[in-house]
Amino acid sequence: MDFEHIVVLITVPSKQVAEQVSDTLLEDNLAACVNTVAPIHSRYIWEGKICDDEELLLIVKSRADLFEKQLVPAVQAVHPYDVPEIIALPILMGSKSYLDWIDESSTA
């Protein structure tokens, strides 16, 4: 199934980084909206060890065509992690007016 719109999930270590990533995406017109959910509790394996951290989760609404070549590099440029979580999920359905707004706002 082809899809045009995505929700991108990005974890960050602090409010400051959340704002920096959000501002970058919004100022560069790579996203229409970024929600910050905090705090989240993350447990993951890194370098062979189980890690346990408090993080924030960014929920980004954007277009699929911007993801790989523009959105991901923009996040990587300002994100402090060596391997940041930047994953996209398709928006299979949405109100026409909301999806139109994503298109109008994500113009990069």
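Helices and strands here are DSSP runs, a helix having at least four residues and a strand at least two, numbered from the N terminus. With that labelling, asparagine 29 falls in the loop between α1 and β2. The model is a predicted one, and the passage below goes through its sheet, its helices and then a handful of residues that deserve a second look.

Start with the sheet. It is an open one, built from 4 strands in the order β2-β3-β1-β4, with antiparallel pairing. The edges are taken by β2 (33-46) and β4 (86-90), each of which pairs on one side only. From one strand to the next, the twist averages 30°. Strand β1 (residues 5-12) is tied to β3 (residues 49-63) by 8 bridges, and histidine 5 has arginine 63 as its bridge partner in β3. On the β2 side, 12 bridges join β2 to β3, again antiparallel; here cysteine 33 is matched with lysine 61 of β3.

The link between β2 and β3 is a hairpin with 2 residues between the strands. Glutamate 47 sits in that loop, and its phi is near 50°, a positive value in a residue other than glycine. Glutamate 47 has a relative accessible area of 66%, so it counts as exposed, the cut-off being over 50%. Strand β2 has an oddity of its own: the peptide bond joining alanine 38 and proline 39 is cis, with omega at about -15°, and proline 39 is placed within β2.

Now for the helices. Helix α1 (residues 15-27) lies across β1, β2 and β3, and runs at about 25° to β3. Helix α2 (residues 64-78) lies across β1, β3 and β4 instead, at about 135° to β3. The length of α2 checks out: its 15 residues should span 21 Å at 1.5 Å a residue, and the end C-alpha atoms are indeed 21 Å apart. That said, α2 bends by about 45° at glutamine 70, with proline 73 following within four residues. The buried residues of α2 are Leu66, Phe67, Leu71, Val72, Ala74 and Val75. An α-helix has 3.6 residues a turn, so residues three or four places apart point the same way. The buried set of α2 packs against β1, α1, β3 and β4.

Past the end of α2, histidine 79 lies in the loop that leads to β4. Is histidine 79 buried or exposed? Its relative accessible area is 7%, and because anything under 20% counts as buried, histidine 79 is a buried residue. Its side chain has polar company: it reaches the backbone oxygen of threonine 11 at 2.8 Å and the backbone nitrogen of tyrosine 81 at 3.1 Å. Leaving aside residues up to four places away in sequence, histidine 79 touches Ile10, Thr11, Val12, Pro13, Val21 and Pro84.

Arginine 63, already met as the partner of histidine 5, lies in strand β3. With a relative accessible area of 14%, arginine 63 is buried too. What does arginine 63 touch, not counting residues up to four places away in sequence? The list is Glu4, His5, Ile6, Ile102, Asp103, Ser106, Thr107 and Ala108. There is also a C-alpha to C-alpha separation of 9.9 Å between arginine 63 and alanine 88, which are 25 residues apart in sequence.

Alanine 108, one of the residues that arginine 63 touches, is found in the segment after α3 (96-105). At 36% relative accessibility, alanine 108 counts as partly exposed. Its contacts, with residues up to four places away in sequence left out, are Asp28, Asn29, Leu30, Arg63, Leu66 and Gln70. Leu66 is among the buried residues of α2, and glutamine 70 is where α2 bends.

That brings things back to asparagine 29. The C-alpha atoms of alanine 108 and asparagine 29 are separated by 5.2 Å, although the two residues are 79 residues apart along the chain. Asparagine 29 has a positive phi of about 55° despite not being a glycine. At 31% relative accessibility, asparagine 29 counts as partly exposed.

Methods
Residues numbered from 1 in each chain as written. Predicted model: local features only at pLDDT ≥ 70, side-chain atom pairs only at ≥ 80, totals over all residues. Heavy atoms only, no water. Pairing = 2+ DSSP bridges. Axes fitted to C-alpha atoms, helices over the stretch in contact; angles between N-to-C directions. Contact = heavy atoms within 4.5 Å. Expected span 1.5 Å × (residues − 1). Bend = angle between axes of the 7 residues up to and from the residue. Buried < 20%, exposed > 50% of the residue type's maximum accessible area, 1.4 Å probe, protein only. Polar contact = N/O pair within 3.5 Å; in protein donor to acceptor, adjacent residues only side chain to side chain.
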